[in-house]
Structures are given as structure tokens and as C-alpha cells.
Amino acid sequence: MFNGSFEKAKGAASVQDKWLLVNLQSTKEFTSHMLNRDTWANEAVSQTVGTNFIFWQAYDDTSDGKKVCTFYKLDSIPVVLVIDPITGQKMRSWCGMAVQPENLVDDLVPFMDCSPRDHLAALSHKRTRGNSSTPQDQNTKDYSSVSGVTPKLKQVTQNPTYPPLPGEPKGDRNLLCRVGVCLPDGHKTQRNFLPCDPIQLLWSFCCSQLEGDDTKPFRLAHAFPSKSLDYDSKLTFEESSLSNSIIYVTWE
């Protein structure tokens, strides 16, 4: 957790090219205590936030807390915000105990795929192509997701031809590699692979689960620490240590 003022936290996030995750709490609300006990103490949340965000926490009755409440027009505490440290724009918010550990990690994945500078570059790129949409108040617009942000300015291409997916192996679980997959729509699934199978079969499996979107380019990544998988890798499931991991599918 960042120790310092809100402005210093925003500055640090800007320098490190990370999103600023803000949590305003109240000494009068038991839900603030529950957030600390159930969400921020969760190992997956702690690792995800610590690796990929600058985390700033304050009480709403402090000087900085009051300023943030006023600036972002917050009327419900506790609240969690994702702030663009470059523009100060509020990108996402959660109120009360809507911040469940497993849901928070899922909701933060798009921000791990696209840094603030990538986001700004994508917006600038859109403007140069004649995007004339009317700008809205940067301080109060609350984006439900950053799915409209292009993580990298790449030429869009179709997926390569993935290898055929064999039948799912069965048998002793200790002799198989089980991988959980979270799809772009939030749906979760899982599958067994043989330890000697090439990891390219994971792309084959994910492609088979996309239901009509199988021609759109996608990538696979660990949630925490955030790390993309390399399709061109020659590793097997055993060599890549993918067994019992959770992999996120995101659009290019």
C-alpha cells in the first residue's frame, strides 16, 4: 500500500505506468472492516494489486479523503476506484461489499492488459483518425470496463490455425495437468491435458470455447503475476508449470 498523499500516489502511478487503485473507507461503517478482512487480505487480491497497481487507502474524514470524495462526487462509502493517473479520470468503481475477492481479480484483468500510457496512446490514435465524439466530464464519467481500450496498437489479424484438439484425457488426476480458463465474457471452464501435450493445445481449447468469436485474435495470460503466454513456445504443459493454474483469455 502506498504511504503518502493522493497526489503523490497519483504521481507514483504515472511514473510507473500503473493504474491507481483507491479505497476510501469509513470508521463508522463495518463494511470497511470487512473489506480489509475479506478482500484486501485475500492472497490472490493482495498479489494482483501489489504487482500491477499503486494502491492508496484513506478514511473519508481525512483531508485527502474529503478532497477525493468531493472531486469524484462520492456519496457511498466504502468505495474502490480505478483512477487514470495521467488524466485523473475515474475508470471504474465498486461500492460497499460488491468488492468480493474473486470478482475483483476478474474485474481488474482488463487493466492489467492495458497500462495508462497504452490507454492514452489508443485514445490519441482514435482522435487522429477523426473520432469526433463529444467529450464528457473526465472527473465523473464512470466506465464499467476498459474493454473499449485497445491494449496494444497492433494490426488486427485472424487467429492462426491451431492444432486439432484431441479427446480430453481421463484417469488419475495426479498424472494429468488441469488448467482453469476464464473467457472474455466472464464464463469459466477447465480441462485436463497430458503432461507431455504441447501448450498450443490450450489455444485450441480456448478457441473452441469462444462460440462464434473464434476468428477474433486473442491472447492468454496468467492473472497474477500478469504474464502473457507465448504460442510459439515449444514447451509442454509439464515444462510450463501450467497445471492447476488459471489462465485468462483477452481480446487483442
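Start your tour at Trp40: select this residue and you're looking at a buried side chain, since its relative accessibility is 12%. Keep in mind as you click around that this is a predicted model.

**The whole chain**

Zoom out for a moment and colour by secondary structure. The protein chain shows eight helices and nine strands. It has 252 residues, and 43% of them count as buried. Switch on a surface if you like: the chain exposes about 13600 Å², with carbon and sulfur atoms supplying 49% of that. The chain also folds back on itself a good deal: take the contacts between residues at least 6 apart in sequence, and 71% of them join residues at least 24 apart.

**Back to Trp40, with a partner**

The structure holds nine aromatic pairs. One of them is Trp40 with Phe55, a tilted pair with 4.5 Å from centre to centre and 45° between the planes. Where do the two partners of this pair sit? Trp40 belongs to helix 2 (residues 30–40), while Phe55 is in strand 2 (residues 53–59), 15 residues apart. Phe55 counts as buried too, because its relative accessibility is 12% and the cut-off for buried is under 20%.

**A second ring pair**

Now select Tyr162 and Tyr231. Their rings form an edge-to-face pair, 5.3 Å centre to centre with 70° between the planes. Both are loop residues: look for Tyr162 between helix 6 (116–128) and strand 5, and for Tyr231 between strand 8 and helix 8 (237–240). Along the chain they are 69 residues apart. Buried or partly exposed, which is Tyr162? Tyr162 counts as buried, at 13% relative accessibility. Tyr231, at 21%, counts as partly exposed.

Add Trp203 and Phe218 to your selection, and you have a cluster of Tyr162, Trp203, Phe218 and Tyr231 linked by ring pairs.

**The five-stranded sheet**

Next, show the strands as a cartoon. In what order do the five strands of the open sheet run? The order is 6-5-9-7-8, and the pairing is mixed. Strand 6 (188–193) and strand 8 (227–228) are the edges; each has a single partner strand, so one side of each is left without a neighbour in the sheet.

Zoom in on strand 8. Strand 7 (residues 218–222) runs antiparallel to strand 8, and two bridges join them. To see one of the bridge pairings, select His222 together with Lys227, its partner in strand 8.

Then bring helix 5 (residues 101–113) into view. Helix 5 packs on the sheet, where it touches strand 5 (177–182), strand 6, strand 7 and strand 9 (246–251). Its direction makes about 55° with that of strand 9.

**Last stop: Asp84**

Finish by selecting Asp84, in the loop between strand 3 (79–83) and strand 4 (90–95). Despite being a loop residue, Asp84 is buried, with a relative accessible area of 1%.

What is Asp84 in contact with, leaving aside its neighbours within four places in sequence? Show Trp19, Gln89, Met91, Pro116 and His119 to see those contacts. Trp19 is 65 residues away along the chain, yet the C-alpha atoms of Trp19 and Asp84 are separated by 5.7 Å. One more distance to display is between the backbone nitrogen of Ile86 and a polar atom of the Asp84 side chain: 2.9 Å.

Definitions and conventions. Residues are numbered from 1 along each chain as its sequence is written. This is a predicted model: local features need pLDDT of at least 70, side-chain atom pairs count only at pLDDT 80 or more; totals for chains, interfaces and linings use all residues. Side-chain values use heavy atoms; hydrogens and water are left out. Helices (H or I, at least four residues) and strands (E, at least two) are DSSP runs, numbered from the N terminus. Buried means under 20% relative accessible area, exposed over 50%, partly exposed in between (1.4 Å probe, protein chains only). Contact means heavy atoms within 4.5 Å. Accessible areas come from the Shrake-Rupley method with a 1.4 Å probe; for residues, only the protein chains shown count as cover. A polar contact is a pair of N or O atoms within 3.5 Å; within protein, one must be able to donate a hydrogen and the other to accept it, and residues adjacent in sequence count only if both atoms are side-chain atoms. Two strands pair if DSSP finds at least two bridges between them. Axes are lines fitted to C-alpha atoms, for helices over the stretch in contact, and angles run from 0 to 180 degrees between N-to-C directions. Rings of Phe, Tyr and Trp (its six-membered ring) pair if their centres lie within 6.5 Å; planes under 30 degrees apart count as stacked, over 60 as edge-to-face and the rest as tilted.
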